[in-house]
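Biologist: I'd like to learn how to read a model like this one, feature by feature. Could you walk me through it?

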Amino acid sequence: MHNSLDPRQRTQSNMAYLRSILRSGKNAVPAVLRREFHRTLQAAMQVTVRDAIKEAMDEELERDERVFLLGEEVALFEGAYKVTRGLWKKYGDKRIIDTPIAEIGFTGIAVGAAMAGLRPVVEYMSFNFSMQSVDHIINSAAKTYYMSGGLQPVSIVFRGPNGAAPGVAAQHAQCFAAWYGHVPGLKVVSPWSAEDAKGLLKSAIRDDNPVVFLENEIMYGVPFEMSEESQSKDFLIPIGKAKIERKGNHVTLVSHSHVVSRCMDAAAVLAKDGIECEVINLRTIRPMDMEAIETSVLKTKHLITVEGGWPQFGVGGEILARIMEGPGFGYLNAPAVRVTGVDIPMPYAKLLEENTLPQIKDIVFSVKKMLNV
Amino acid sequence: MPINVFIIIRKSQGSRVVVSARSFADLTPQASFDIKRCDLHRLDEGPSVQTVLTREDGLRYYRTMQTVRRMELKADQLYKQKIIRGFCHLYDGQEACAVGIEAGINPTDHLITAYRVHGYTYTRGVSVKEILAELTGRKGGIAKGKGGSMHMYAKNFYGGNGIVGAQVPLGAGVALACQYQAKNEVCVTLYGDGAANQGQIFEAFNMAALWKLPCIFICENNKYGMGTSVERASASTDYYKRGDYIPGLRVDGMDVLSVREATRFAADYCRYGKGPILMELQTYRYHGHSMSDPGVSYRTRDEIQEVRGKSDPITMLKDRMISNNMASLEEIKDIDAEIRKEIEEAAQFATSDPEPPLEDLCNHIFFNDTPFEVRGTSPWVKLKSIS
């Protein structure tokens with residue numbers, strides 16, 4: 001705040017600032033207590049996932065000249081989901097590029113730019129549209145470092161909303177975690193909380209390899225408390241490490257993305273019946289943190305994977321296979337199971353849509369069935 | 001006045017032979033040549049119809065084209081002996097394109113092409129030895145044996161791309177990087193008459209024109225996309241016009257001087273911010289699409305023979321230089337002999353170098369990363385990956 005303003009101007013300026021903070025979803029109280037525009041390290045504050053993603057990009061754009069964003073509506077429109085709000089105003093046309101509706105074209109262009117030494121961040125308005133670009137993500141990006149015998153790295157991030165969103169129906173609701181998770185040469189990240197989103201996106205941008213960053217539209221507006229540490233410009237979360245969101249002794253729930261919220265809610269319900277769930281937030285699909293899962297299973301002896309994607313050849317299927325093949329199998333007191341989306345295209349009607357994704361009651365039911373209670 | 005110098009050569013059996021060799025003092029250091037006028041699209045002026053060739057440049061172009069020719073023929077041989085496996089798309093007949101383009105740009109410019117790539121790999125600086133050893137899948141290959149025929153890379157050279165058409169947006173992206181980094185460099189992005197119908201190419205054209213990317217799109221029209229002639233694949237075979245709003249020119253791709261002039265013209269256009277430009281090179285491949293294609297089910301042997309007889313790029317350059325007294329037959333023969341030796345040695349290396357060791361199997365998945373474990377064929381087999 002400028003001390004040179006007269007008291008009335010200062011109040012107006014403060015109110016405008018406060019309004020902008022509230023609009024972005026941040027908690028007002030610490031904002032009022034602050035006296036400057038620039039963010040300094042704060043006590044824990046509430047940040048939405050959307051803002052955390054934007055902050056990550058803002059900080060990395062500032063830090064490295066080679067980083068730039070491209071995608072549909074990312075500049076002038078400020079992002080189809082407003083994730084890139086303010087970035088074009090700050091960085092301009094050169095670094096924040098609006099593309100025509102040409103997914104395979106602009107993905108190829110981004111990968112080519114990465115080959116020539118820049119560090120693009122490609123936004124898909126929805127990962128469903130990335131199917132048009134899949135050839136470049138896999139054949140031009142993921143495989144190149146290997147095919148070239150180590151001559152040609154590709155530093156690029158592909159990000160955007162993945163999986164279910166309310167009312168968007170079949171063509172806009174598919175989860176691609178398993179598809180991209182299948183491919184060697186890619187890293188695939190699926191954040192849940194604001195801290196996840198910020199720390200992992202920063203790591204993804206700094207990573208010298210192709211990273212697929214699966215956000216989720218349901219989570220964009222959800223505020224999370226972000227610790228003081230996580231507000232630092234150098235706060236990174238390593239790709240490939242899961243996080244235990246809730247400790248428990250009776251059953252391990254492994255999940256990723258928006259479904260982690262449902263697991264946490266289900267755990268709260270089950271706690272009332274004396275069943276303590278350990279909820280693991282995978283954070284990264286590939287490389288997957290099997291060690292965290294095995295350590296948990298050693299303790300709880302029961303494993304349920306929970307995801308929004310389809311069951312066949314999915315993330316849960318992979319976890320169960322690895323548990324079978326590894327030391328985890330010996331610890332299990334019951335066969336591990338998967339809770340997944342229903343094996344159908346996503347319907348539109350609310351009742352049908354609700355029953356296509358795993359609900360809290362489905363998770364509770366599965367836990368009780370496994371524990372025979 | 002010609003000066004005759006007498007040279008005494010001692011042959012291996014001890015006999016002596018006296019040979020007369022002309023000194024190079026009487027050869028023409030440079031000459032001016034007429035080249036075909038290019039067909040133009042949305043351009044008021046095209047490349048010059050006259051060009052000056054120095055003796056030095058001429059010999060260099062000859063040597064490079066002949067090296068590519070001999071290298072490809074050696075690859076043919078090695079493939080038939082089953083020492084090269086899988087895909088092998090040979091470039092013989094099209095040498096004037098690769099050599100002419102390289103002559104028209106700087107080494108600091110960038111280039112990307114599709115799978116018919118051995119010629120470009122050479123002109124972009126990789127040795128014949130490393131190319132052949134990559135074809136034979138040995139550790140001395142340019143990609144350590146892990147890429148094969150279609151995946152060779154070098155500085156400012158991005159392969160080597162197996163998916164038809166994919167290299168075009170990639171090349172536009174390299175051009176974006178050139179513009180972003182403001183180093184006055186251009187990217188030459190090649191594709192064939194078959195790829196010219198790919199949708200992603202038009203997406204790349206649009207963005208390149210919109211953002212004025214310094215990209216030279218070049219269509220190497222060798223008349224056949226695999227087994228499909230251009231008339232059977234394209235509603236419009238005027239490939240130089242298919243960039244629509246992007247200016248284009250159609251060039252005789254069998255004449256290395258025409259290609260050079262056109263490339264210089266295009267590079268000048270692009271380099272100073274005018275945006276992309278499109279060149280169609282009319283050329284011809286002697287081999288089939290790949291080594292699995294004899295190349296005669298969709299075209300006649302007569303056609304192939306006719307091109308060889310009338311339009312061979314190497315013969316054309318040689319005839320030009322000799323008839324203008326810019327090179328002597330002996331010189332050319334010497335160059336040929338040197339090249340033959342170089343190719344033989346490279347082939348020797350390519351057949352005797354060991355394959356990459358099994359320890360290398362999982363390496364080079366990620367760049368600049370800590371080593372990690374990779375699952376082998378069964379859960380008990382744990383392999384290691386190092387950057």
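Modeller: Happily; we will take a sheet, then the domains, then the contact between the chains. Keep in mind that this is a predicted model.

Biologist: Let's begin with the sheet in chain B. What is the order of its strands?

Modeller: For a sheet, write down the strands as neighbours rather than along the chain. Here the sheet is open and has 6 strands, in the order S4-S11-S12-S8-S7-S6 of chain B, and their pairing is mixed.

Biologist: Which strands stand at the edges, and why is one side of each left without a neighbour?

Modeller: Those are S4 (39–41) and S6 (110–112) of chain B; each has a single partner strand, so one side of each has no neighbour in the sheet. As for twist, neighbouring strands here are turned by 20° against each other on average, with direction ignored.

Biologist: How many bridges join S4(B) to S11, and do the two run parallel or antiparallel?

Modeller: There are 3 bridges between S4(B) and S11 (residues 248–252) of chain B, and the two strands run antiparallel. To find the pairing on your screen, start at B:His41, whose bridge partner in S11(B) is B:Gly248.

Biologist: And which helix packs on this sheet?

Modeller: Look for H8 (residues 256–274) of chain B, which touches S8 (215–221), S11 and S12 (277–282) of that chain. The direction of H8 makes about 170° with that of S12(B).

Biologist: Now the domains. Where are the bounds in chain A?

Modeller: With domains, find the bounds, then look at what the parts share. Chain A is split into domain 1 (46–231) and domain 2 (243–371), and their C-alpha centres are 26 Å apart.

Biologist: How many residues of each domain of chain A are in contact?

Modeller: Domain 1 of chain A brings 28 residues and domain 2 of chain A brings 23. Between them about 2,000 Å² is buried, with 59% of that area given by carbon and sulfur atoms.

Biologist: What about the polar side of that interface?

Modeller: There is 1 salt bridge between these domains of chain A, along with 11 residue pairs in polar contact, counting pairs with both residues at pLDDT 80 or more. On the domain 1 side, the elements that give two or more residues are H8 (177–181), S6 (187–189), H9 (194–206) and H10 (217–220) of chain A. For a salt bridge to look up, try A:Arg283 and A:Asp196, whose side chains meet at 2.6 Å, N to O.

Biologist: How is chain B divided?

Modeller: Its assignment gives domain 1 (30–356) and domain 2 (358–386). The C-alpha centres of these two domains of chain B lie 36 Å apart.

Biologist: Finally, how many residues does each chain give to the contact between chain B and chain A?

Modeller: For chains, the reading is like that for domains: count, area, then individual pairs. Chain B gives 36 residues and chain A gives 44. The buried area is about 3,500 Å², and carbon and sulfur atoms account for 67% of that. In chain B, the residues that lose the most area to chain A are B:Tyr153, B:Tyr180 and B:Phe367, together 22% of what that side buries.

Biologist: And which polar pairs should I look at?

Modeller: The interface of chain B and chain A has 2 salt bridges and 17 residue pairs in polar contact, both residues at pLDDT 80 or more. B:Asp369 and A:Lys187 meet through their side chains in a salt bridge of 3.0 Å, N to O.

Biologist: Which element gives the most to the side of chain B that touches chain A?

Modeller: That is H5(B), with 9 residues. The elements giving two or more residues on that side are H5 (167–181) and H6 (199–210) of chain B.

Definitions and conventions:
Residues are numbered from 1 along each chain as its sequence is written. Chains are lettered from A and ligands numbered from 1 in the order in which they are written. This is a predicted model: local features need pLDDT of at least 70, side-chain atom pairs count only at pLDDT 80 or more; totals for chains, interfaces and linings use all residues. Side-chain values use heavy atoms; hydrogens and water are left out. Two strands pair if DSSP finds at least two bridges between them. Helices (H or I, at least four residues) and strands (E, at least two) are DSSP runs, numbered from the N terminus. Axes are lines fitted to C-alpha atoms, for helices over the stretch in contact, and angles run from 0 to 180 degrees between N-to-C directions. Contact means heavy atoms within 4.5 Å. Domain bounds come from an automatic or database domain assignment. Buried area is the accessible area (1.4 Å probe) that two parts lose on being put together, summed over both. A salt bridge is a side-chain nitrogen of Lys or Arg within 4 Å of a carboxyl oxygen of Asp or Glu. A polar contact is a pair of N or O atoms within 3.5 Å; within protein, one must be able to donate a hydrogen and the other to accept it, and residues adjacent in sequence count only if both atoms are side-chain atoms.
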